[in-house]
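The following paragraphs are intended to be read alongside the sequence and the three-dimensional model. They move from a single residue outward to the whole fold.

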Amino acid sequence: MKTRTHLLQLLPYFFLMLAIYLLYRQLAEVNFDDFRRELKSWPRSDLQVAVALTFCSFVALAGYDFLSLRHLGKRLPLKEIFLTSFAAFSISNIVGHSLLSGSSVRLQRYARAGLSLSEVAALGLFNTLTFWVGFAFLLAVALLFGPPAPKLDAFGLSPRNWGIIVALLSAAYFALSATWGGKIISIRRWTLKIPGLRMSLEQVALGTLDLCVCAAVFYTLLPAGISLSYDHFLAYFLIAQMLGLLSQVPGGLGVLDGLLLRFLSPYANAHQLVVSILLFRLVYYLLPLAITFFCKIAYALLRYRGSGVPVHTA
């Protein structure tokens with residue numbers, strides 16, 4: 001039993017090291033001399049806004065845990081929720097497989113607050129549901145009411161037709177929540193209480209906010225003077241993000257970047273777009289991961305030195 005407990009405590013550090021390694025692999029082929037030269041001409045205000053939006057995005061991501069805990073009937077201090085979710089999402093954004101990588105971080109911290117392993121698993125599952133519910137709603141809106149989407153016809157269906165299908169799936173979820181809200185479903189070892197209609201609407205609002213802010217981070221870092229509106233960019237970003245997630249490649253590496261490069265190439269120089277993609281990786285992925293890494297190291301050092309000082313880190 002003690003061995004299992006120690007392994008669970010070490011699991012978040014394993015995923016943290018894996019995230020650092022994957023990020024290193026992502027950036028290994030970058031010519032940083034060229035990147036630094038290009039970066040010198042980049043507006044500092046754009047970088048500052050992108051960092052501020054990244055912080056706002058992680059506040060929205062903390063809302064996932066808050067909503068899930070409320071759905072489970074649990075109450076925790078907001079500071080604890082934010083620090084835990086920040087660490088969990090900074091790692092799972094790069095590693096992927098958030099149900100495993102993110103839940104390992106949450107288990108380490110939320111277990112101290114009395115949550116069981118099954119409750120942490122249910123929280124991770126509800127977080128994933130919130131993301132996809134918000135994603136489906138926003139994608140349907142972008143495909144049906146936004147500017148023309150990229151020509152990516154699949155199975156003989158146009159983007160508009162895909163928008164109708166996704167909208168119908170969203171409507172079916174709302175109907176399920178209105179009819180069966182509060183009932184518990186079990187799939188093998190997973191159990192989940194179906195949220196009521198009000199909770200479903202909150203999921204949509206939170207998931208939509210998260211994705212809009214994340215897209216805004218990238219949009220802020222696009223080359224100056226690009227002739228592309230935010231709503232037009234949002235459709236491109238959502239499709240690239242969806243295919244990146246479905247590919248199961250950690251962080252959507254290569255898939256997200258390649259698709260955005262293809263979609264945006266008519267609007268800006270390819271070299272500048274590569275710089276924008278690298279900046280997005282650094283601001284949205286590296287910066288939160290670095291904060292988590294140094295907080296974890298500081299916490300471990302203080303803990304093993306036996307300083308007796310209570311430390312609360314991400």
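Is Thr84 buried or exposed? The model is a predicted one, and in it the relative accessible area of Thr84 is 0%. Because buried means under 20% relative accessible area, Thr84 counts as buried. The residue belongs to helix H4. When neighbours within four places in sequence are left aside, Thr84 is in contact with Val105, Arg106, Arg109 and Tyr110. Two of these contact partners appear again elsewhere in the model. Arg106 lies over the face of Phe89, 4.9 Å from the ring centre, and Tyr110 is included in a nonpolar core of eight residues.

The setting of Thr84 is shared by much of its helix. H4 is mostly covered, with 14 of its 18 residues buried. From its first C-alpha to its last, H4 reaches 25 Å, close to the 26 Å expected at 1.5 Å a residue. Helix H3, which spans residues 44-71, may be described in the same terms. H3 has 28 residues and reaches 41 Å between its first and last C-alpha, where 40 Å would be expected. Just after H3, Gly73 takes a positive phi of about 80°.

The wider architecture can now be placed around these helices. The protein has eleven helices and two strands. Read from the N terminus, seven α elements are followed by two β elements and then by four further α elements. Of the 314 residues, 46% are buried. Among contacts between residues at least 6 apart in sequence, 71% join residues at least 24 apart. The protein exposes about 16000 Å², of which carbon and sulfur atoms supply 67%.

The interior may be considered next. The largest nonpolar core has 60 residues, and those with the most contacts inside it are Phe218, Leu221, Phe233, Phe237, Leu238, Phe280 and Tyr284. H3, H4, helix H6 (117-145), helix H8 (197-220), H9, helix H10 (255-264) and H11 each supply at least two residues of this core. A second core, separate from the largest one, has eight residues and includes Leu69, Tyr110, Val120 and Leu123. Leu221 illustrates the contacts made by one residue of the largest core. Beyond residues up to four places away in sequence, Leu221 touches Trp42, Asp46, Leu47, Ala50, Ser276, Leu279, Phe280 and Val283.

Aromatic residues form a further theme. A pair of aromatic rings is described by the distance of the centres and the angle of the planes. The protein contains 22 aromatic pairs. One of them joins Phe237 and Phe280 in an edge-to-face arrangement, 6.4 Å centre to centre and with 90° between the planes. Phe237 lies in helix H9 (residues 230-246) and Phe280 in helix H11 (residues 270-304), so this pair ties together parts that are 43 residues apart in sequence. Both partners are covered: Phe237 is buried at 0% relative accessibility, and Phe280 is buried with a relative accessible area of 2%.

The two residues also take part in a cluster. Ring pairs link Phe55, Phe58, Phe82, Phe86, Phe218, Tyr219, Tyr230, Phe233, Phe237, Phe280, Tyr284 and Tyr285. A charged group accompanies one member of this cluster, since the charged end of Arg281 sits over the ring of Tyr285, 4.8 Å from its centre.

Conventions: Residues are numbered from 1 along each chain as its sequence is written. This is a predicted model: local features need pLDDT of at least 70, side-chain atom pairs count only at pLDDT 80 or more; totals for chains, interfaces and linings use all residues. Side-chain values use heavy atoms; hydrogens and water are left out. Buried means under 20% relative accessible area, exposed over 50%, partly exposed in between (1.4 Å probe, protein chains only). Contact means heavy atoms within 4.5 Å. Accessible areas come from the Shrake-Rupley method with a 1.4 Å probe; for residues, only the protein chains shown count as cover. Rings of Phe, Tyr and Trp (its six-membered ring) pair if their centres lie within 6.5 Å; planes under 30 degrees apart count as stacked, over 60 as edge-to-face and the rest as tilted. A charge sits over a ring if NZ of Lys or CZ of Arg is within 6 Å of the ring centre and within 35 degrees of the ring normal. The expected span of a helix is 1.5 Å times one less than its number of residues. A nonpolar core is a set of buried Ala, Val, Leu, Ile, Met, Phe, Trp, Tyr and Cys residues joined through side-chain atoms within 4.5 Å.
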